[in-house]
Amino acid sequence: MLARTKTFTIEGLQTRPVTVEVDIRAGLPGFAIVGLADPSVREARERVQAAILNSGYGFPARRITVNLAPADVPKVGPGLDLALACGVLAASQQLSKERLEDHALFGELALDGGLRPCQGTLAVAQACAEAGMRTLVLAPERAREAMLVQGLQIAPARTLQSAIRVLSGEPPDSLPEPDAPEPGAASAPAGPDLSEVRGQHHAVRALIVAAAGGHNCLLSGSPGTGKTMLAQRLPSILPELSRPEAIEVTRIHSIAGDLEGELAQSRPFRAPHHSITMAGLVGGARKGWVGEGVLAHRGVLFLDELSEFARPALEALRQPLEDGRVAIVRARHSAVYPARFMLVAATNPCPCGYAGDGELCRCSETDMARHQRKLSGPLLDRIDVQAKLENAGVQGLGAKPWTSSEKARERVMGARERQAHRLRGERVTVNANLDARLLERHAGLDEQGQRMLSDAQRRGTLSARGQHRTLRVARTIADLNGCERVRVRDIGVALGLRPETGLRSSRAA
């Protein structure tokens, strides 16, 4: 007898449909799986056999051949277990085939017949809806995650027996109750707040501009001046994820195994150590592997001690900073992953960290040149906002905070709302992603503003890309001030935030 069931496999961030074809015929007992199955799928033979027997069904002592179609697509992960088991039961006439065409099956089987959740449930649910499937049968622990997809029925099943009942037309198992806070439990402590920052008012302003427009930001200065402290407070002023963005982020992190059945509530904040490799930063260590840049999609990628990162890793960020995506091409496969993140970096001005801080710096010209070569011009040209932090000493600790995260977030939200209203109908939502056409429409300059940009370019401090990025920052500054047009003074402030000369002239500082 022949039976077919439907399931899905995940390759990188791509979800591919898989048809499980099960053929049972007379011959020596055997269980063969063909169709580019990886070890976790081939090992399903033992799990499926034990789960069927321990669930009270009969396992046919005949020759069983399973084909995973299409045969040229690699099949990975234990999520195919349930489809394999139901295919064997249908082919041995212990399960009706009537509902197998419009029901997708996804889950790992325990030896006792229990159904375990698998990573990537949201991605599978989206692919299931796009394929026109009516119902997705899966473990209850990830059912709420799958319910984020509209137009798809979710059938939770705790065991193989429960899944068989669903395929026989009976109701599914109940959903588990969401976790409730314990009575009397203390609320979660508030995160880091900008009110804790003393002094460095110009850096706080630069951070607000970067947050308002989604711009890349570089914080430079001597050790202990507050670069990391400021960056850690950036999430407190960023707007919440919209629902489409939250589903997009949840999908990525669900596949990566970082989320368990919950919709992402806040923007990702990834802070990898400077020893990370190029593959770890952008992906491609192995087929389907995503890096920190992809995991930071719609959020922040914070690179502390920027000059300590390997230069090949930093140079690999050029494309995602420009295009918002990572294209991985290897000998036998290629993939494109979304990577639209804010880059926030912190660095010292020289190897010892004290250039421009009195007589403390002892670096030679060779040391300075080697330090500056680590941060290439093309990479710095893709950074919109720079703030140089000075060592304020004891007076800085006694200074009053310039603002709080709550007040700063109100300003950021107001600027973001103006951007969203102005860019409705476009494929971008923040000023940092404006292309030349949208810049011309929404950031047009008068003659005086054009002259200011031209003068900066003639002085060699502004590239053609730098002009566009300066206009984007100026548009954000105008939004923060509630202005419809970009004024000359907005251009002047944006030019003052450009990192064209900050690191290169640190010795002179």
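Start by selecting helix 19 and helix 21 in this predicted model. On the helix 19 side of their contact, show Gln448, Gly449, Met452, Leu453 and Ala456. From helix 21, add their partners Val488, Ile491, Gly492 and Leu495. Colour these contact residues by type and you will find 6 nonpolar, 3 polar and no charged.

Now draw the two axes. Helix 19 spans residues 447-458 and helix 21 spans residues 488-496; their axes cross at roughly 20 degrees and come within 9 Å. Because angles under 35 degrees count as roughly parallel, that is the label for helix 19 and helix 21. Turn the view so that one helix lies over the other, and you can see that helix 19 passes helix 21 in a right-handed crossing.

Next stop: helix 7 and helix 20. Select residues 201-213 for helix 7 and 464-480 for helix 20. Here the axes are 9 Å apart and the packing angle is about 100 degrees, so the two helices are roughly perpendicular to each other. To see where they touch, show Ile208, Val209, Ala212 and Gly213 on helix 7, then Val473, Thr476, Ile477 and Leu480 on helix 20. This contact divides into 6 nonpolar residues, 2 polar and no charged.

Keep helix 20 on screen, since it also supplies at least two residues to the lining of the largest pocket. Centre the view on Arg298, Arg340, Thr429, Val430 and Asn433, which lie nearest the middle of that pocket among its 37 lining residues. The space inside comes to about 970 Å³. Other helices that each give at least two lining residues are helix 13 (318-323), helix 17 (405-422) and helix 18 (436-442). Helix 17 provides the largest share, 4 residues. If you are thinking about chemistry, colour the lining by type: 15 charged, 14 nonpolar and 8 polar.

For the last stop, move to the second largest pocket, with a volume of about 650 Å³. Select Ile10, Gly12, Gln119, Ile255 and Gly288, which lie nearest its centre; the lining has 26 residues in total. Then bring up strand 1 (2-11), helix 9 (243-256) and helix 11 (292-295), each of which supplies at least two of the lining residues. Which element gives the most to this lining? Strand 1 does, with 4 residues. Apply the colouring by type here too, and the lining splits into 14 nonpolar, 8 polar and 4 charged residues.

Definitions and conventions:
Residues are numbered from 1 along each chain as its sequence is written. This is a predicted model: local features need pLDDT of at least 70, side-chain atom pairs count only at pLDDT 80 or more; totals for chains, interfaces and linings use all residues. Side-chain values use heavy atoms; hydrogens and water are left out. On a 1 Å grid over the protein atoms alone, a cavity is a set of points where a 1.4 Å probe fits but cannot get out, and a pocket is an open set with protein on both sides within 12 Å along at least five of seven lines; lining residues have an atom within 4 Å of a point. Grid points are joined across faces, edges and corners, and a volume is the space filled by probe spheres set on the points. Ala, Val, Leu, Ile, Met, Phe, Trp, Tyr, Cys and Pro count as nonpolar, Asp, Glu, Lys and Arg as charged, and the others, Gly among them, as polar. Axes are lines fitted to C-alpha atoms, for helices over the stretch in contact, and angles run from 0 to 180 degrees between N-to-C directions. Angles under 35 degrees count as roughly parallel, over 145 as roughly antiparallel, 65 to 115 as roughly perpendicular and the rest as oblique. Contact means heavy atoms within 4.5 Å. A crossing is left-handed if the near helix is turned anticlockwise from the far one by less than a right angle, and right-handed if clockwise.
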